[in-house]
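Me: Could you take a close look at the ligand site for me, and then set it in the context of the rest of the chain? I would like one connected account.

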Amino acid sequence: MKQINQLKIRETATLRHALEQLDATANGVLLLVDENDRLLRTVTDGDIRRLLLSGATLEDTLGRLPPLHSKTVRQGIRQSDALAIMDKYEIDHLPVLDDQERPVDLLLRREIDGPILLSTPHLSDYEQAFVQEAFRTNWVAPMGPNVDAFEVELAQYVGVSHAVAVSSGTAAIHLGLRLLGVGEGDTVFCSTLTFVGSANPILYLGAKPVFIDSEPSTWNMSPQALYRALEDAAVQGRLPKAVVIVNLYGQSADMDPLLALCDTYQVPVLEDAAESLGATYKGRFSGTFGRVGIYSFNGNKIITTSGGGMLVSDDQDLVEKARFLATQARDPAPYYQHNEVGYNYRMSNVLAGIGRGQLKVLEDRVRARRAVFAAYVEGLADVEGITWMPEAPFGRATRWLSAAVLDPSLISAEDLIRSLARERIEARRVWKPMHLQPLFAGARYYSHEEGVSISDTIFERGVCLPSGSNMTPRQQQRIIRSFRQIIGKS
Ligand SMILES: *Cc1c(COP(=O)(O)O)cnc(C)c1O
């Protein structure tokens, strides 16, 4: 909330003082109040300019202003209604008065007009220097020093030995699965509650996915469902070539029991940490637990290169092979020679420069996203029927997205999203589970318990609220206020 008192001014103030106060508060408007704090009128730069042009001096007082009936509104007005009034009267600000006519707030068009998106890129002061260095040295492409440095810096940050920067998280999963030996006709287990990018590469390789449900305490892969799936597969003599474990919305899966099961059957794990860079599990960074880990730097992720990904592993041979396959699998020969199918998957040196800058502020971004989540929890604490995505005690979630399950008696996810959209606030449904996707019709699915699918319920009732690390406190309050108005609890 604006410091409303700093915007108030009295008729005895000089024009010079008013201009200084306008300058200091930078809202383009002051509120002229009487001795009882009641609003007399608004004062803009333009009002003072007109006084000066009509012969007033800077030492004259605001008492020279003509009376004006400024448009005002009452507390509790909807953002959309306030905006309609601003449009009608062609004004950009609207004082909010209490029932004694005293200003308690000032609504500004620029603060309520703009859409609030789910998760937008948030650049820092550091990216430009790295990108400019790429331009200055003509290292715009391909690869180059920023790519090498980004790989080293990210590997050091999360604590793995090797990393290769690629064009997307999906590309990293594709390479990772291929290097774990997945091929035509193989089976791959995969978390069902995820973005399709986790599972598409299984199809690229001609393999068959089997989807594993979530557990309620983490929303991530259920160890007991994985146990049943592995037992069945072992009995049938068709163990999967790999298990893709996804860390949803910035929270690690419960790695210890999941890895123990995979170890028992000697099935390698690819850890999809596209959404969980910066999260921890028992003191170690998410993405470092599988044979292979992947991160995404897509525009909506916690840090971004505009588009990109990273494959990490402690297995040097595997990472070198990934680098080789990502550059068209070109043999070390004096001419262009190829023995196997490769891909054009490397990251450009310009984009790696963005990544280096972003990595410097990752910790800030985690803090900011967690603060957004905390603001929602606090602002909606008295509302019954909201179950926030739990933060498991084993580590730190980044709250990449603030997600919750809504009790149908409160409101449906769909109605909430539609109503927020009318206020230009973008909320989204939770990922539609892969086992419910037409693309994967017929794929096997193991629910948390026989007949109890956790991911189905999270999908039906779950919402993700705007979660960007660059949202202002005012925007967060606007979302909370709109949410409360929609459910009739304002
Ligand atoms: C974003 C995402 C991906 C894909 O990453 P891209 O860089 O967009 O290809 C994969 N898995 C999950 C869980 C994601 O959220």
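Reply: Happy to! In this predicted model, the side chain of Ser 198 places an N or O atom 3.3 Å from a nitrogen atom of the ligand. Asp 272 also faces ligand nitrogen: one of its polar side-chain atoms lies 2.8 Å from a nitrogen atom of the ligand. With Lys 301 the partner on the ligand is an oxygen atom, and an N or O atom of the lysine side chain is 3.3 Å from that oxygen. As for cover, the ligand taken alone exposes 380 Å², and the protein buries 93% of that.

Now for the wider shell. There are 15 residues around the ligand, and those that come nearest are Gly 169, Thr 170, Glu 275, Ser 296 and Lys 301. Lys 301 therefore turns up twice, as one of these nearest residues and as a side chain with an N or O atom 3.3 Å from a ligand oxygen, within the 3.5 Å cut-off for a polar contact. Sorted by class, the shell holds 9 polar residues, 3 nonpolar and 3 charged.

Gly 169 deserves a pause of its own. This glycine belongs to helix α7, which covers residues 169-179. Its relative accessible area is 7%, so Gly 169 counts as buried, the limit being under 20%. Gly 169 also pairs up in space with a residue far along the chain: Gly 309 is 140 residues away in sequence, yet the two C-alpha atoms are 4.2 Å apart.

Since you may be curious about enclosed space too, here is what the model shows. A probe the size of a water molecule, rolled over the atoms, shows where empty space is left. The structure holds 1 cavity of 30 Å³ or more, and the largest cavity has a volume of about 40 Å³. Its lining includes Ser 191, Thr 192 and Leu 193, along with Ile 212, Asp 213 and Ser 214. Trp 219, Asn 220 and Met 221 also line this cavity, as do Val 246 and Leu 248. By class, that lining divides into 6 nonpolar residues, 4 polar and 1 charged.

Finally, the chain as a whole. The protein chain has 490 residues, of which 55% count as buried, and Gly 169 is one of the buried residues. The secondary structure comes to 16 helices and 20 strands. Along its principal axes, the C-alpha trace spans about 90 × 60 × 35 Å.

Technical notes
Residues are numbered from 1 along each chain as its sequence is written. This is a predicted model: local features need pLDDT of at least 70, side-chain atom pairs count only at pLDDT 80 or more; totals for chains, interfaces and linings use all residues. Side-chain values use heavy atoms; hydrogens and water are left out. A residue is near a molecule or strand if one of its heavy atoms lies within 4 Å of it. A polar contact is a pair of N or O atoms within 3.5 Å; within protein, one must be able to donate a hydrogen and the other to accept it, and residues adjacent in sequence count only if both atoms are side-chain atoms. Accessible areas come from the Shrake-Rupley method with a 1.4 Å probe; for residues, only the protein chains shown count as cover. Ala, Val, Leu, Ile, Met, Phe, Trp, Tyr, Cys and Pro count as nonpolar, Asp, Glu, Lys and Arg as charged, and the others, Gly among them, as polar. On a 1 Å grid over the protein atoms alone, a cavity is a set of points where a 1.4 Å probe fits but cannot get out, and a pocket is an open set with protein on both sides within 12 Å along at least five of seven lines; lining residues have an atom within 4 Å of a point. Grid points are joined across faces, edges and corners, and a volume is the space filled by probe spheres set on the points. Helices (H or I, at least four residues) and strands (E, at least two) are DSSP runs, numbered from the N terminus. Buried means under 20% relative accessible area, exposed over 50%, partly exposed in between (1.4 Å probe, protein chains only).
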